[in-house]
Amino acid sequence: MKRRLRVVAAVMLVLTCVTAAAHNFHMGMADISYNERTGSSEIVHTYTGHDLTALLTEINGRQIDLGRADSEAALRRYVEQQFTVTRADGKRLPLHWIGAKVDADSVVIFQEVPKTRLAKGDRIHNAVLIDFIPSQRNTVNLQIGSTTRTLIFDQKNIEQIAP
């Protein structure tokens, strides 16, 4: 019986350590692809909900609940400052906010660049949560033509040029 109790305790300790370690890994993901039907580039971001909530609460000086419709404006302002796409000539592309879907674990954000196809040489700026969490890493899967490239953004690389 003591042996079984020790095994259960050891398993619980391992699970606790794994859970704690998982919490220390902060990442976001965005997929950018061209929609032939609409002629627009679509951007879908996914971030950890509690990280965005903590950041927006700090920035706004009040408790933010991303599950409430009145909090979407704060989220939109922040994302539009931290995620941009610029043409090689320096012209910033207008990102149209479609909306956000929030659940207990994540926030999925939908944007588009209307009637525009991204091209090689476009500059992507992605500092979402990087300004708040030093270990944050954001992955962007960028589809240009039939090729998909993966770009990694962190504190040393918040801007990258589409290959």
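Select F25, M27 and M29: together they make a nonpolar surface patch of about 270 Å². Keep in mind that this is a predicted model.

Stay on M29. This residue sits in strand 1, residues 27-35. Is M29 buried, partly exposed or exposed? M29 has a relative accessibility of 32%, so it counts as partly exposed; the buried class ends under 20% and the exposed class starts over 50%.

Next, select residues 49-60. This is helix 2, twelve residues long. Put a distance between its end C-alpha atoms: they are 16 Å apart. At 1.5 Å a residue the helix should span 16 Å, so the model agrees with the expected value.

Now show the side of helix 2 that is covered. Which residues of helix 2 are buried? They are G49, D51, L52, T53, L55 and L56. Add strand 2 (40-48), helix 3 (72-82) and strand 5 (106-113) to the view; the buried residues of helix 2 pack against these elements.

Step just past the end of helix 2. There, G61 takes a positive phi of about 70°.

Zoom out to the whole protein and colour by secondary structure. Three helices and nine strands appear. From the N terminus on, their order is α-β-β-α-α-β-β-β-β-β-β-β.

Switch to a surface view. The accessible surface comes to about 9800 Å², and carbon and sulfur atoms hold 55% of that. Of the 163 residues, 39% are buried.

Finish with a contact map. Take contacts with a separation of 6 or more: 56% of them join residues 24 or more positions apart.

Notes
Residues numbered from 1 in each chain as written. Predicted model: local features only at pLDDT ≥ 70, side-chain atom pairs only at ≥ 80, totals over all residues. Heavy atoms only, no water. Helix = DSSP H or I, 4+ residues; strand = E, 2+ residues; numbered from the N terminus. Expected span 1.5 Å × (residues − 1). Buried < 20%, exposed > 50% of the residue type's maximum accessible area, 1.4 Å probe, protein only. Contact = heavy atoms within 4.5 Å. Patch = residues over 30% accessible without salt bridge, like charges linked within 9 Å, V, L, I, M, F, W, Y side chains within 5 Å. Areas by Shrake-Rupley, 256 points an atom, 1.4 Å probe, with all protein chains shown as cover. Salt bridge = Lys/Arg side-chain N within 4 Å of Asp/Glu carboxyl O.
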